[in-house]
Amino acid sequence: MSNKLRVGILGGTGMVGQRFISLLENHPWFEVTTIAASPRSAGKTYEEAVGGRWKMTTPMPEAVKNIVVMDVTDVKNVAANVDFVFSAVDMTKEEIKAIEEEYAKTETPVVSNNSAHRWTKDVPMIIPEINSNHTALIETQKERLGTKRGFICVKPNCSIQSYTPCLWAWSEFEPYEVVATTYQAISGAGKTFKDWPEMIENVIPYIGGEEEKSEQEPLRILGTLKDGEIVKKDGLVITTQCIRVPVLNGHTAAVFVKFKKKPTKEQLIECLRNAKGAPQEFGLPSAPKTFIQYLEEDNRPQVKADVDFENGMGVSIGRLREDTVYDYKFVGLSHNTVRGAAGGAVLCAELLKAQGYISAK
């Protein structure tokens, strides 16, 4: 009998759900025992339910092929078979908020990839290296929900992963004004080029809702925990443009920063290379040994060369240089469906286990 925690994947047939299943194959702490999806997939084996829509570059794990998919709305029965769940359901925002709370109230922790609860007052939104202390909000949330072990924790938007870690690493120099343009991969929309041939040799200068998330979510991540809620980071303003580009995986950001305390380039690079947090201190299974790498070459980071740095869990930075209008500018790159989505959520779950919030029922 395995001593691994039993994991359920809510929305397991979609692209992010598939990424969860791929990443959790042979995980040392977690084992996928339950997959739930829409009623049209319920009752089929996972292999049948996905059919020809498997979008990962690695094969579907043998261990999940014959799992019979459950109806995600059958909350009581899904929850009875798991210790906690990852949520990647494709529903309206209000439906997601309701069903994630319903799962939490069955005393089942929910680690969500969805945006629905990112601004719920007592739900922590976590990049584990940066704000692991925000998980203390869970105690306040459990009081509201009336639970002993059930809660919701979310990871932030994929687009902020390529520049927010830098702002955190440079906090001693007090960045106060940021302009960022993100060049976002099509997998962020759950697509491949086969699904979305219109994106081949094309650029779309609009991604619905993305700019507000990219401007506001870093302020909550970098905020402080006070009186049972997160107070957004004060004195920092971020403005963004978010553009869809013909890349499968990897969000790139071109970023300009002003600092209250002017650093040298060498100081900034040293801060990036020394950046680490709770995942590295705990030695979590999915934690990158190097959270942020700095690349000296003028033509890096590149998606093809760098998106899989640290198995897609590391952040790559390059082209840091002084600017004539802002203090400095740089280019960042992160893997949007690994660090930015399922992998970031898996790391959150590992952190929550290490902190004692997730355990066997």
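These legends walk you through four close-up views of a predicted model.

**View 1. The six-stranded sheet.** Here six strands form an open sheet with mixed pairing, in the order E10-E7-E11-E14-E13-E12. At the edges you will find strand E10 (237-244) and strand E12 (292-295), each of which pairs on one side only. Direction ignored, neighbouring strands of this sheet are turned by 20 degrees against each other on average.

**View 2. Strands E7 and E11, with the helices on the sheet.** Eight bridges join strand E7 (residues 175-184) to strand E11 (residues 251-259) in the antiparallel sense. To find your place in this pair, look for Ala180, which stands opposite Val255 in E11. Helix H9 (residues 210-221) lies across E7 and E10, and runs at about 140 degrees to E10. Helix H10 (residues 265-273) also packs on the sheet, where it touches E11, E12, strand E13 (315-322) and strand E14 (328-334). The direction of H10 makes about 140 degrees with that of E12.

**View 3. Gln141 and its contacts.** Gln141 belongs to helix H7 (residues 137-145). This glutamine is buried, with a relative accessible area of 0%. Leaving aside residues up to four places away in sequence, Gln141 touches Asp122, Val123, Pro124, Phe151 and Ile152.

**View 4. Cys166 and Cys271.** Why is there no bond between the sulfur of Cys166 and the closest cysteine sulfur, in Cys271? The two sulfurs are 11 Å apart, too far for a bond, whereas a disulfide needs them within 2.5 Å. The count of disulfides comes to zero. Cys166 is buried at 0% relative accessibility, and Cys271 also counts as buried, at 14%.

Conventions: Residues are numbered from 1 along each chain as its sequence is written. This is a predicted model: local features need pLDDT of at least 70, side-chain atom pairs count only at pLDDT 80 or more; totals for chains, interfaces and linings use all residues. Side-chain values use heavy atoms; hydrogens and water are left out. Buried means under 20% relative accessible area, exposed over 50%, partly exposed in between (1.4 Å probe, protein chains only). Helices (H or I, at least four residues) and strands (E, at least two) are DSSP runs, numbered from the N terminus. Contact means heavy atoms within 4.5 Å. Two strands pair if DSSP finds at least two bridges between them. Axes are lines fitted to C-alpha atoms, for helices over the stretch in contact, and angles run from 0 to 180 degrees between N-to-C directions.
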